[in-house]
Amino acid sequence: MVLLIILLVVCADQALKIWVKTHFYLGEDYPLTSWFHLKFIENNGIAFGIELTGKLMLTLGRLGAVAFLIWFMAKVCKAPGVRAGFLACVAMITAGAAGNIFDCVFYGRIFTNPFPPEIATIFPADGGYAPWGQGRVVDMLYFPLFDIDIAGYHWEFFQYIFNIADASICVGVFALILFYSKDFAAAWEYFSKHRKSSHAQS
């Protein structure tokens, strides 16, 4: 189940990103409905374009997080008190982090980065726009549900643009908080106990 969730999320995320990257110019906005657009942007950050550290450090951090989450799931998958829904949530978080890793690691090398309204090409003969590990994350899901003016300030909900990987992380985290806090406590206790026992035996 965990492997299936990770594969589905990563494949769907990458398929949409590659399609948008090779069919939209940077900044292009295509409204599917009044409240749901495909709008192509790129960012160097974490979810929703937030930037906290350097690009290479962020990529290495994502790799470390994915490796840890896979190790964690392998250790606690049969722990007492841990339900399948908990593992599904952790798998969604893992898949989301992995989906954005592909952009960071590969996209700088396999895509061009032309000025709008030109569209990027994949596998250019003269190389891509950035070194390995420093590609930009592709975002496209945009939900401008409504906007209001308050005291001269224009406010739009929801103004963030994100991708399937970001959505997978957010859904996984929110579901963990709302429904699986006890499972997390049981899993972490089991993980900590068995990690200490493994160190003691070694």
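# Exercises on a predicted model

W35, F36, F143, F146, W155, F157, F158, Y160 and F162 come together in one aromatic cluster. The model is a predicted one, and the exercises below work through its rings, charges, cysteines and one of its helices.

## Exercise 1: two aromatic pairs

Task. Classify the pair F143 and F162 as stacked or edge-to-face, and then treat F72 and F191 in the same manner.

Solution. Begin with the general point that a pair of aromatic rings is described by the distance of the centres and the angle of the planes. The ring centres of F143 and F162 are 5.9 Å apart and their planes stand at 25 degrees, so this pair is stacked, given that planes under 30 degrees apart count as stacked. The pair links distant parts of the chain, with F143 in the loop between β3 and β4 (146-150) and F162 in strand β6 (residues 161-162), 19 residues apart. F143 is partly exposed at 23% relative accessibility, whereas F162 is buried at 11%.

Turn next to the total, which is 25 aromatic pairs in the structure. One of them joins F72 and F191, and it is edge-to-face, with 5.2 Å from centre to centre and 65 degrees between the planes. Because F72 belongs to helix α2 and F191 to helix α5, this pair ties together parts that are 119 residues apart in sequence. Both F72 and F191 are buried.

## Exercise 2: the salt bridges of E42 and D183

Task. Find which side chains form salt bridges with E42, and state which parts of the chain R83 and D183 tie together.

Solution. The count for the structure is five salt bridges. In one of them the side chains of E42 and K21 meet at 2.3 Å, N to O. E42 lies in strand β2 (residues 37-43) and K21 in helix α1 (residues 2-23), so the two tie together parts that are 21 residues apart in sequence. E42 counts as buried at 15% relative accessibility, and K21 counts as buried at 1%. R136 also forms a salt bridge with E42, the closest N and O atoms being 3.4 Å apart. R136 sits in the loop between α3 (84-110) and β3 (137-142), 94 residues from E42 in strand β2.

For the second part, R83 forms a salt bridge with D183, with 2.7 Å between the closest N and O atoms. Since R83 is in the loop between α2 (55-76) and α3 and D183 is in helix α5 (residues 181-201), the pair ties together parts that are 100 residues apart in sequence. R83 is partly exposed at 45% relative accessibility, while D183 is buried at 2%.

## Exercise 3: the cysteines

Task. Explain why C11 has no disulfide bond to C104.

Solution. The structure holds zero disulfides. The closest cysteine sulfur to that of C11 belongs to C104 and is 18 Å away, which is too far for a bond, since a disulfide needs the two sulfur atoms within 2.5 Å. C170 is likewise in no disulfide, its nearest cysteine sulfur, that of C89, being 13 Å away.

## Exercise 4: helix α4

Task. Compare the expected span of α4 with the distance between its end C-alpha atoms, and identify what caps its N-terminal end.

Solution. At 1.5 Å a residue, the 16 residues of α4 should span 22 Å, and the end C-alpha atoms are 22 Å apart, which agrees. The N-terminal cap is N163, with a side-chain oxygen 3.0 Å from the backbone nitrogen of A165. Within α4, A165, D166, S168, G172, A175 and L176 are buried, whereas F174 is exposed at 52% relative accessible area.

Notes
Residues are numbered from 1 along each chain as its sequence is written. This is a predicted model: local features need pLDDT of at least 70, side-chain atom pairs count only at pLDDT 80 or more; totals for chains, interfaces and linings use all residues. Side-chain values use heavy atoms; hydrogens and water are left out. Buried means under 20% relative accessible area, exposed over 50%, partly exposed in between (1.4 Å probe, protein chains only). Helices (H or I, at least four residues) and strands (E, at least two) are DSSP runs, numbered from the N terminus. The expected span of a helix is 1.5 Å times one less than its number of residues. A polar contact is a pair of N or O atoms within 3.5 Å; within protein, one must be able to donate a hydrogen and the other to accept it, and residues adjacent in sequence count only if both atoms are side-chain atoms. A salt bridge is a side-chain nitrogen of Lys or Arg within 4 Å of a carboxyl oxygen of Asp or Glu. Rings of Phe, Tyr and Trp (its six-membered ring) pair if their centres lie within 6.5 Å; planes under 30 degrees apart count as stacked, over 60 as edge-to-face and the rest as tilted.
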